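Biologist: I would like to go through a few structural terms. Can you set each one against its definition?

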Amino acid sequence: MHYNHTIVLVGPMGAGKSTIGRLLATELGLNFFDSDREIEARCGANIPWIFDKEGEEGFRKRETQTIAELLEAPDNIVMATGGGAILKPENRDIIGKYSTVIYLHTTVAQQLQRTAKDKNRPLLQTENPEAVLKALFEVRDPLYREAADIIVNTDRQSPKSVVRTIMKKLNSL
Ligand SMILES: Nc1ncnc2c1ncn2[C@@H]1O[C@H](COP(=O)(O)OP(=O)(O)O)[C@@H](O)[C@H]1O
Ligand SMILES: O=C(O)C1=C[C@@H](OP(=O)(O)O)[C@@H](O)[C@H](O)C1
Ligand SMILES: [Mg+2]
């Protein structure tokens with residue numbers, strides 16, 4: 001195996017980063033961290049509260065700090081990031097330095113379905129979440145691609161099957 005054994009999952013909301021990250025960590029025998037859950041634990045409040053009280057900028061500062069903390073620790077881990085973690089050059093640098101990066105990709109239609117009932121994503125609590133997802137995709141897709149060592153489509157594959165695809169691709173790096 002020739003890849004960096006710390007794995008970071010990037011990609012848009014609803015691509016499956018949190019779900020697949022946990023399964024992949026079990027498969028690899030590594031601890032799993034979801035940067036969003038770690039931000040919430042450190043802050044003692046949930047993401048909607050952070051966005052409401054500190055704005056997206058406040059959330060992004062916490063996100064950068066948390067991602068750095070998790071990746072600078074000595075152990076190999078699997079980490080799911082939030083969809084916007086790719087925006088900051090500092091995050092891209094540290095993720096690239098410490099990990100093998102997997103871009104989980106899906107369609108906007110799937111993202112909409114998978115995120116519809118969840119109120120924990122402040123950016124999607126709007127009249128037209130489809131337009132938001134499309135606009136975010138335009139900006140972020142090139143950044144995800146640039147960062148990625150592996151790209152996997154999660155559109156028509158179960159989480160288990162996505163993990164199998166990832167394992168094959170990791171083993172051929
Ligand atoms: N490959 C998949 N097929 C079907 N549903 C999925 C798949 N991956 C994730 N989901 C579902 O989509 C929702 C969002 O997944 P999540 O892991 O939170 O995405 P992300 O962390 O990328 O925003 C969850 O309800 C999850 O069960
Ligand atoms: O795309 C984004 O900017 C965000 C994605 C969310 O994580 P998921 O990608 O896990 O939904 C979470 O970090 C926050 O609501 C902002
Ligand atoms: Mg997530």
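Modeller: This is a predicted model. Helix H3 (residues 47-72) packs with helix H4 (residues 89-98) at an angle of about 15°, and their axes lie 10 Å apart.

Biologist: Why are H3 and H4 called roughly parallel?

Modeller: Angles under 35 degrees count as roughly parallel. The angle between H3 and H4 is about 15°, so the two helices are roughly parallel to each other. The crossing of H3 past H4 is left-handed.

Biologist: Which residues make the contact?

Modeller: H3 contributes Thr-64, Ile-67, Ala-68 and Leu-71, and H4 contributes Glu-90, Asn-91, Ile-94, Ile-95 and Tyr-98. By class, six are nonpolar, two polar and one charged.

Biologist: What makes a residue part of the shell around ligand 2?

Modeller: Its C-beta atom, placed from the backbone, has to lie within 6 Å of the ligand. The residues surrounding ligand 2 are Met-13, Lys-17, Ser-18, Asp-36, Ile-47, Gly-82, Gly-83, Gly-84, Arg-121, Pro-122 and Leu-123.

Biologist: How do you know which class the glycines of that shell belong to?

Modeller: Gly counts as polar, so Gly-82, Gly-83 and Gly-84 fall in that class. The shell around ligand 2 has four nonpolar, four polar and three charged residues.

Biologist: How many residues surround ligand 1, and which are the closest?

Modeller: There are 14, the closest being Gly-16, Lys-17, Ser-18, Thr-19 and Arg-114. Helix H1 (17-28) and helix H7 (159-171) each give two or more residues to this shell; H1 gives the most, with three. By class, the shell around ligand 1 has five nonpolar, seven polar and two charged residues.

Note on methods. Residues numbered from 1 in each chain as written. Chains lettered and ligands numbered in written order. Predicted model: local features only at pLDDT ≥ 70, side-chain atom pairs only at ≥ 80, totals over all residues. Helix = DSSP H or I, 4+ residues; strand = E, 2+ residues; numbered from the N terminus. Axes fitted to C-alpha atoms, helices over the stretch in contact; angles between N-to-C directions. Parallel < 35°, antiparallel > 145°, perpendicular 65-115°, else oblique. Left-handed = near helix turned anticlockwise from the far one by under 90°. Contact = placed C-beta atoms within 7 Å.
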